[in-house]
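Dear colleague,

Please find below the structure I agreed to pass on to you. My findings follow it.

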Amino acid sequence: MRKAVYPGSFDPVTFGHLDVIRRSAALVDELIVAVLQNNNKNPLFSAQERVKILREVTKDMNNVRVETYSGLSIDFVRKCGAKFLVRGLRAITDFDYELQMAQTNRIMAPDIDTIFLTTSLEYAYLSSSTVKEVAYYGGDISRFVPPEVEKAIVKKMHHGEG
């Protein structure tokens with residue numbers, strides 16, 4: 001069984017993330033979308049909220065499951081018994097960082113390969129940070145995130161709840 005892990009913060013999940021999820025899920029038997037619980041960041045959504053949102057927007061993908069993790073991504077990949085770590089690339093600046101991480105992971109876990117998927121051109125500009133900034137100032141984010149995510153962001157930012 002080909003199993004892969006796509007780790008990230010997903011705060012919030014965007015159409016770019018969903019593009020990578022859908023395309024990588026087509027390459028493997030099981031894809032685990034791994035939501036990072038990072039204590040060094042101040043996320044808009046808690047890890048549990050991000051998991052709930054991701055489960056909702058991936059419910060039509062039968063071979064995708066969503067989990068949380070903390071620590072090193074490569075350790076979580078190993079714990080899951082996966083052989084592939086998926087990373088999305090938007091621009092050359094992403095590649096510089098991701099190549100360093102992939103090489104480091106390869107030293108730590110030679111049996112696990114990193115799969116890079118370039119983001120579809122229509123989402124190459126898109127980041128979670130951009131979505132949050134546009135939403136913060138009341139801009140239209142409907143072209144960046146699914147309706148469920150837009151609703152959750154608006155509710156969180158304007159009512160202070162999840």
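Which residues of helix α5 (residues 128-136) are buried? In this predicted model, they include Ser128, Val131 and Ala135. Their directions span an arc of only 60 degrees around the axis, which places them on the same side of α5. An α-helix has 3.6 residues a turn, so residues three or four places apart point the same way. Ser129, Glu133 and Tyr136, on the other side of α5, are exposed. Just after the helix, Gly138 adopts a positive phi of about 80 degrees.

Turning to the interior, the largest nonpolar core comprises 33 residues, and Val13, Ile21, Leu31, Val33 and Leu54 have the most contacts inside it. At least two residues of this core come from each of β1 (3-8), α1 (15-25), β2 (30-36), α2 (47-57), β3 (64-69), α5 and α6 (147-159). The greatest contribution, five residues, is that of α2. Beyond its neighbours within four places in sequence, Ile21 is in contact with Tyr6, Leu31, Val33, Leu54, Thr58, Met61 and Val64. A second, separate core has 13 residues, among them Ala34, Leu36, Leu85 and Ala109.

There are six aromatic pairs. In one of these, the ring centres of Tyr125 and Phe144 are 6.0 Å apart and the planes stand at 65 degrees, so the pair is edge-to-face, the cut-off for that class being over 60. Tyr125 belongs to the loop between β5 (113-118) and α5, and Phe144 to the loop between α5 and α6, so the pair ties together parts 19 residues apart in sequence. Tyr125 is partly exposed, at 48% relative accessible area, whereas Phe144 is buried, at 15%.

With kind regards

Notes:
Residues numbered from 1 in each chain as written. Predicted model: local features only at pLDDT ≥ 70, side-chain atom pairs only at ≥ 80, totals over all residues. Heavy atoms only, no water. Buried < 20%, exposed > 50% of the residue type's maximum accessible area, 1.4 Å probe, protein only. Helix = DSSP H or I, 4+ residues; strand = E, 2+ residues; numbered from the N terminus. Arc of directions from axis to C-beta. Core = buried A, V, L, I, M, F, W, Y, C linked by side-chain atoms within 4.5 Å. Contact = heavy atoms within 4.5 Å. Phe/Tyr/Trp six-rings, centres within 6.5 Å; stacked < 30°, edge-to-face > 60°.
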